[in-house]
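This report takes up three topics: a contact between chains, the pairing of a strand, and a domain assignment. The chains are shown first.

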Amino acid sequence: MAKYESVIGLEVHIELRTKTKIFCDCPADHGGDPNTRCCPVCMGMPGTLPVLNKQVVDFAARAGMMLNCEIAHFSKMDRKNYFYPDLPKAYQISQLDHPLCEHGYIDINVNGEEKRIGITRIHIEEDAGKLVHMENGSGADCNRCGVPLIEIVSEPDIRTAAQAKAYLERLRELVRWVGVSDCQMEAGSMRCDVNLSIRPVGDSNLYTRSEIKNLNSLKHICAAIDAEKARQIDETEAGRELVQETRRYDPEKDRTYTMRVKENANDYRYFPDPDLVPIILTDEDHARLRAMIPDLPEERLEKYINEYKLPESTAKTLCDEPKLANVYQAAAEQVQQPKLLANLMLADAAAAEIPAGVWAELTNLCAANKINRSAPAKLLEAYRESGKEIAVLVTELGLEQVQDTGMLNTIADEVLAANPKAVADYKAGKEAAIKALMGQVMKRTKGTANPQEATAVLKEKLAKL
Amino acid sequence: MEYAKMNIAELSALLRNREVSAKELAADALQAIAETDGNIGAYLTVAEEEAYRQAAAADEMLANGTAGALTGIPFAMKDNICTKGVRTTCASKMLENWYPVYDACVTERLKAAGAVMLGKTNMDEFAMGSSTENSALQITHNPASAAHVPGGSSGGSAAAVAADECAFAIGSDTGGSIRQPASFCGVVGMKPTYGTVSRYGLVAYASSFDQIGPLTKNVADNAAVLEAISCHDRRDSTSLPQFDTAYSSLIGKDLNGMRIGLPKEYFGEGIHPTVAKLVRDAAQQLEKAGAVLEECTLPAVSYALPAYYVLCCAEASSNLARFDGIRYGYRAQGVEDLDQLYRKTRTEGFGREVRRRILLGNYVLSAGYYDAYYKKAQQARTLLIRAFADLFGKYDMLLTPVAPTPAYKIGEKSSDPMQMALGDICTVPVNLGGLPAISVPCGTAEEDGANLPVGFQLIGPAFSEAKLYQAAYAYESANK
């Protein structure tokens, strides 16, 4: 076996998480009863026309930037023609010779060995629907028709299943990190085809390859690579010539099977889609999109620990969820106390849904003692309900911290007079009794008293009693 | 039928003065159709209920002061333009019973303007043809002579206007499909600049050529209809974002100093002598009206026909692939697998000419042939666009025949697709260039014992519709 190596290239399809589909206003997310998330346009009714969703271009370009690609200034959409019942127009709108992104790479590390895997191209295209097979026949569900996809094609730089796995894991991490897809293989929002050929170790030529389609987990991809490599070696050793073909992998039997050979392959009769205009990205567009590209996840983790002085576990929790990390990062740039910000955000279960500006404002109000630490939770609840500005809500809810000593003096006097037992306890040396008195002060000020200030006033008064 | 012969301006005046209601006009027009169309065959569907509904809406607009130039005016729609709930067949067996779930942009615009749709007109199947003989559903006769074709593909629309079965009609023009039937039937037909009328809801034949436009009884009416249907539409990516729609603005202005070129390639071999004479007479009339006429040359026009057929068939092969019997339209019976379903449905559902063009289109797009055909044709298209641009540096517009001959007899050319294609030689270059062009009646030719209408064509640079109407109107008023 050792005298052969595999030459592997991967084609990965990833669904972009845009609000609407690539060519119409239908929602792009999964779910819904069959044929409830489609319209005349994505169902390809006669006379309808596609209109390119600009967000798809933005998302794809951002993915390309994250994967070190060059982004085209001129790009266009082409029609790929073939008949299938899940393809309502009988052509898929895709990109042939002017893809949006080219010449990228991903660096991987397998067992301490660094390797750079080239990315040939990334293009945008529409997804097809799916067939549903029932007892009395088959049906076509068009909900998925027109869901935006990017296809990421790697160079044949991968040699082993372990490298393929590392490449896919890093790809998934980076695309999630840049915030354009959730890349869930189980749910089908990330799919992978494997192109594989073998050659004697030391040979640099490329030989006849097979393509293994429809692999839906990392485990199956790795197993399929090993099984297909073994099959190709067996064939070669047995003196049989390999043919270019499409194969599928059967995990039960752990082997691959022929789906179709090249002579029967479709001629897709690609040509530029006359219903769509070229995609032009200006230098300004490039700059705007470039500004949205985050640091690499590992760079951010290091920054949070070393520069922001967050505990490692806090930093990791933030970086684990790309959306949360992006909100945190944007907010952190507007505050003096990134640690306080992290604590406030992690105390909220849905922190990523709140704009960075709101988090920054809450942090700065707490840091400046304008509101108490108990206030952000109340403010967030009100914000989620009303969407009003935080400053307005602070006033409306009366959450401004009371620092007025005159007022605190009056309240302290009332509290001391009303709680003789606590006063007696304190006098008797039970210092903890001051907490009960503080509680009363907070109750009477609805939680807005400055804690340090109020404690000082109480202590002063108690000392005089 | 006292109103049927009237034009839009006359009808509109009667409606505004409350001398007639939209409902009465609709009834009058429907009666005209009932009495005349048996001999013409212009309509595939008469939408009586829809017409009365729209007439009621129009009467309301007239009553509350929101009426415009087209409110209450009865019209006919070519049957490749989607009308919600009204059968839209493209004159094909494939869509014989297809009812769109949405309105085309043009349909919406005309509804909003209060125009009253009487029905849907016959055409060559999927707009492929020049005589309306390729309709899978019926034959349309030329109102000037029942033995002759009305032209095509918008033959039903042109015949309906010429036979006074509507005040105006909407057609579509991919290679001459508005202008040539207008010429054959003796009405005014405009193919506007590509991108000025939304294609949303026009069942696509060749997307980069297709353009919707009006057929009318006179020039001023034509400008008024185009003003109503032309707009930017975000649902059509090729719809232009900004342009002037004041198409009537130059009507009545004199032509002093207007430069008109006569490209000699359009007057050469194959042009019927009477057609050439009538068009040259029209040139003299325009000269009298103040225009400066000059012979010029456009050699690149020789590429037009082959380039057109390669590109439009390529686009059509893809555009018509969706008619596969799966979701709507005709589905073949007695099939055993998916492959058979596709083959049998498409073989039975499409007529000969449509199948021919789909085959041609698939051939030129096949692996290994793309560069030799499709790419080459695109290059020829670019050359032609440049040649037109050069001429429009010197001339405001060009004057040519619309078709080499007057209308021919039904059945005369239908067995010879090459002869049929050559008939498009004068109109096709305009579509390759995305240019506006108008067909204006300029007399009749006596053929086979019938007086057959002939039109001339004015071709202008993009957005020159107002000028084309200006010149066409000057000619029309000098020849009343």
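The text below describes a predicted model.

**Contact between chains A and B**

Chain B contributes 31 residues to the contact, and chain A contributes 23 residues. On the side of chain B that touches chain A, three helices each supply at least two residues: α9 (304-319), α10 (338-349) and α11 (352-365) of chain B. The largest share of that side comes from α9(B), with 3 residues. By residue class, the side of chain B that touches chain A comprises 15 nonpolar, 8 polar and 8 charged residues.

**Strand β6 of chain B**

How many residues of strand β6 (residues 211-216) of chain B are buried? The count is 6 of 6, and the strand is thus described as mostly covered. β6(B) pairs in the antiparallel sense with strand β4 (residues 168-173) of chain B, and also in the antiparallel sense with strand β5 (residues 188-191) of chain B. The table lists the bridges for each pairing, together with one residue pair from each.

| Strand paired with β6(B) | Bridges | Bridge partners |
|---|---|---|
| β4 (residues 168-173) of chain B | 6 bridges | B:D173 and B:Q211 |
| β5 (residues 188-191) of chain B | 2 bridges | B:V188 and B:T216 |

Within β6(B), B:Q211 is thus the bridge partner of B:D173, while B:T216 is the bridge partner of B:V188.

**Domains of chain A**

The domain assignment divides chain A into domain 1 (4-279), domain 2 (294-396) and domain 3 (405-464). Taken over C-alpha atoms, the centres of domain 1 and domain 3 of chain A are separated by 68 Å.

How values were computed: Residues numbered from 1 in each chain as written. Chains lettered and ligands numbered in written order. Predicted model: local features only at pLDDT ≥ 70, side-chain atom pairs only at ≥ 80, totals over all residues. Contact = placed C-beta atoms within 7 Å. Helix = DSSP H or I, 4+ residues; strand = E, 2+ residues; numbered from the N terminus. Nonpolar A, V, L, I, M, F, W, Y, C, P; charged D, E, K, R; others polar. Buried ≥ 20, exposed ≤ 12 C-beta atoms within 10 Å, placed from the backbone. Pairing = 2+ DSSP bridges. Domains from an automatic or database assignment.
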